[in-house]
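Work through the exercises below with the sequence and the model side by side. Try each task before reading its solution.

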Amino acid sequence: MKRVLVANRGEIAVRVIRACRALGLESVAVYSEPDRGALHTELADRAICVGPARSAESYLNMPAILTAALGTGCDAVHPGYGFLAENPAFAEACAEHGLRFVGPPAHAIRLMGDKLRAREIAAKVGVPVVPGSDGPLASPAQVERVAARIGYPLLLKAAAGGGGRGMRVIRSRSQLAEWFLAASAEAQAAFGDATLYAERFLEGVRHVEVQILADHAGDCVHLGERDCSAQRRHQKVLEEAPSPAVTPALRTQMGEAALALTREIGYESAGTIEFVLEPETGRFYFIEMNTRIQVEHPVTEMLTGVDLVAAQLRIAAREPLGLSQTEIRLRGHALECRINAEAPDEGFRPSPGVVREWAAPAGEGIRVDTHIVPGATVPPFYDSLLAKLIVHAADRAAAIELGRRALGGFRVEGVETTIPFHVRILEHPEFVGGRIHTRWVEDELIPSEGGSAPLPNLPPEIARAKPALGGPR
Amino acid sequence: MDLSYEDVREILRIIDGSSLEELHLEIGEFRLTVRRKGAGASSAATPAPEARRAAPPEGEVSGAEVSVWPEGGPEPVVVQAAKQPAVPASAAARPLRQRGHEVKAPMVGTFYRASAPGAPPFVEVGSSVGEDDTVCIIEVMKLMHSIKAGCRGRVAEICAENGALVEFGQSLMVIEPLP
């Protein structure tokens, strides 16, 4: 592997290009017309314009991206997150054209992309799944039989999954028939597949996910968990590790569950197994596996000292993992704040524009992953992520304190940001006390949104971006 | 075959006498890219890496930059062009759109001037074209897309090299409209 095409934009493209450079690999950036001159295009050894603003014609345009990769002599493609990262057809197309896809094999992406299949495989290897139906549900009567077994509230989900579409919370029998039809129609429209299944709808839970790395030979390790319970509308807002709700014994259990699934599906590369955790009982349930690098991966990097993107590239080059589980040490505490170009006081209205002034904090334990420089344009076509502030300190209290100080060190003019919202979270006694759940941000910090949210019925554990926009996940 | 410094100088002399902004040439295992300084806005905004690496010291006036990539070698061999005015400054500085109708690449792909290897090119500089005449082809994943002239006129310039990768929005040709 010598030259890598980075099929993404924004901070993750910058992150991947830097990892390529660190490994002595050349990089080729792609960009859409409004991203002309963006930082990732400047940092890469070469940059190719692949299409207009619309993602479908640029960052999601497989022929254009493959042509750019082949035409520039690349031998590998890193998809980043969002866009084509979890598209098995793209992974296959890369392989057909002799390009290494920096990610898992297509069959693993496909298996985990089918949420019902993923659940079955998890159950098969002894990973706890949320109590629910054993297979697809063809009628409201079948849902009723499931309800009789596991009780209300129930969550109806689309097997083809994602984005909260085809999903309904059913709190009583009277809603059942109506919501069943609505959910299956929505699933049909969104995914071309009306198949539904049902799970017990869990409340007051935390979102805890386990990072894994697996190599071509099947060696794998887990790198501990990340707690992503701070969410707004199923989008992660702030992540931390270790989770305040996970004990060392629980960490071992969750890690082993994650690795059992990893081995079962012949996984390779970096991946994340998402669970919901009941903090009182310590019971955890598999939700889904994300077969890509995640937005919040730096939290784990700060804690373990393992460069996950470099590891992905090495694994794609068929190098052995070279890490054993006993070598993975979690040191201190890390937090990540997603700084978005949004106005938190105006319902998180997106705030694209020109970033006239931009200065990020720096110092011991402070890392900022960003594609923003003074004068950079935030186009309205893509996700609003400006930067990720990651702080690392000896313990949780020190990390929260460092996070507050670092947030105060940003100077941003020209666009609104979510920085003040992060300060509110880090100053809130319930967050500081480690007592939040996946509905906490919405219930406690923005209760005004609770009633007016367009998808109030959605489960908090579904943290998926709009895939067509390639949003952060 | 080997490409000597003198060969490169000769190529440069030919290019200097033409109105080309960019040239991609493949001879045997050599790939040669020549790009004129201050070329049209569309290509200037997306400098190729070799051009950036080969940028001359500030203040030095150069007609063009040339780099030679031996196959498989990541570092280009840089040949600094002679310090001579390439074309009259007014011609180089004139925006493309004032010179005529620009045919832009509607997609990333490989640019071909003919329908098949060995076939005569669709057009040459000076050819007369009708609005719907095919002037070139862009290949994307084995699919050939015919590119139309878009206006009636005379081909004033061909800006891309046969067989080269062209970007979305890149200038392929300039057509001088006929009244």
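**Exercise 1.** Which residues does V6(A) touch, not counting residues up to four places away in sequence?

*Solution.* Start with the conventions: this is a predicted model, in which local features need pLDDT of at least 70, side-chain atom pairs count only at pLDDT 80 or more, and totals for chains, interfaces and linings use all residues. Residues are numbered from 1 along each chain as its sequence is written, while chains are lettered from A and ligands numbered from 1 in the order in which they are written. Two residues are in contact if their C-beta atoms, placed from the backbone, lie within 7 Å. Under that rule V6(A) touches A13(A), V16(A), I17(A), S27(A), V28(A), A29(A), H40(A), A44(A), H78(A) and G80(A).

**Exercise 2.** Find the largest nonpolar core and the helix that gives the most to this core.

*Solution.* A nonpolar core is a set of buried Ala, Val, Leu, Ile, Met, Phe, Trp, Tyr and Cys residues joined through C-beta atoms within 7 Å. Buried means that 20 or more other C-beta atoms lie within 10 Å of the residue's own, these atoms being placed from the backbone. The largest such core has 138 residues, and those with the most contacts inside it include V6(A), F275(A) and L172(B). Helix α1 (residues 10-22) of chain A gives the most, with seven residues. Helices (H or I, at least four residues) and strands (E, at least two) are DSSP runs, numbered from the N terminus.

**Exercise 3.** Place the strands of the open five-stranded sheet in chain A in order.

*Solution.* Two strands pair if DSSP finds at least two bridges between them. The order is β3-β2-β1-β4-β5, with parallel pairing. β3 (46-51) and β5 (100-101) of chain A each have a single partner strand, so one side of each is left without a neighbour in the sheet. Between β1 (residues 3-6) and β2 (residues 26-32) of chain A there are four bridges, and R3(A) stands opposite E26(A).

**Exercise 4.** Is strand β9 (residues 206-214) of chain A mostly covered or uncovered, and which strands pair with it?

*Solution.* Nine of its nine residues are buried. One side carries R206(A), V208(A), V210(A), I212(A) and A214(A), the other H207(A), E209(A), Q211(A) and L213(A). β9(A) pairs antiparallel with β12 (residues 269-278) of chain A over nine bridges, and with β10 (residues 220-232) of chain A over six. A214(A) stands opposite S269(A) in β12(A) and opposite C220(A) in β10(A).

How values were computed: Buried ≥ 20, exposed ≤ 12 C-beta atoms within 10 Å, placed from the backbone.
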